[in-house]
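Student: Please take one part of this chain and go through it closely. Start with whatever terms are needed to follow the description.

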Amino acid sequence: MKFRMPIVLLSSAALLAACSGTTGGHPTPVASSSSLPGGEVPPYGGAPKVENPLPDSVLSGSACDALDAQQIRVNFGADLVGKPEDGPLGPKCTWSDHQGGSMLTIFYTTKQREGLSIIYKQVKPQMKRFEVLPPIQGYPAVAYDPKPGPRTDGCQVAVGLSDTLEFEVGLDLGDSNSGKADACGLAAEVTGDVVTTLKKKAGR
């Protein structure tokens, strides 16, 4: 894989709290009603308010549509086809570079109406790396990983599209890219491509 930045799945794991399961050595998302906050109205937990929010409709359809073929080619240096799935938090799509071992997963969080608030309140305390990123095209974003930074081979970046809407990009660099780049920085670049796609979908 060439990566303008490389890519792989870290998984929307902590999203609803828990890395209780693993797939291929990476945490997988676990939805749990017991992890949902009680009666709090987003934004809460230290999460920023989202200015100029996008409508919920931008996360309709397949998460594989979040990146076009050219964007995949630029990021991976190859033509890869995404694998769509219906995850516990909403649609997701995974692109895998079997030659280099890297993987990119995009999660649309549509089955939970907490936006970045639940990330700040429940995910942040569990992570050894949690960074507030510069806004991505005006939308607040955070990067997190169970391993300490400042340079990790896997990372998750969550972007708030409204106070109750968010998506995530999970990146794993794979063995061939291990130690050559910071997954959080690369994942943040991918989120920029996704935001561009979603804004176009909203007519902005």
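Tutor: Helices (H or I, at least four residues) and strands (E, at least two) are DSSP runs, numbered from the N terminus. By that count the chain has three helices and nine strands, in the order β-β-α-β-β-β-α-β-β-β-β-α from the N terminus on. This is a predicted model, in which local features need pLDDT of at least 70, side-chain atom pairs count only at pLDDT 80 or more, and totals for chains, interfaces and linings use all residues. Residues are numbered from 1 along each chain as its sequence is written, and side-chain values use heavy atoms, with hydrogens and water left out. The mean pLDDT (the predictor's confidence in each residue, from 0 to 100) of the chain is 81. Over residues 1–37, however, the pLDDT is below 50. Where pLDDT is low, the predicted coordinates should not be read in detail.

The part to look at is helix 1, residues 69–76. At its N-terminal end Asp 68 acts as a cap, with a side-chain oxygen 3.1 Å from the backbone nitrogen of Gln 70. Within helix 1, Gln 71, Ile 72, Asn 75 and Phe 76 are buried (under 20% relative accessible area, against over 50% for exposed and partly exposed in between; 1.4 Å probe, protein chains only). Seen down the helix axis, these buried residues fall within an arc of 110°, so they line one face of helix 1; the arc is that of the directions from the helix axis to the C-beta atoms. Their cover includes strand 4 (90–97), strand 5 (102–109) and helix 3 (183–201). Ala 69 and Gln 70, on the other side of helix 1, are exposed. Just after helix 1 comes Gly 77, with a positive phi of about 75°.

Terms used:
Contact means heavy atoms within 4.5 Å. A polar contact is a pair of N or O atoms within 3.5 Å; within protein, one must be able to donate a hydrogen and the other to accept it, and residues adjacent in sequence count only if both atoms are side-chain atoms.
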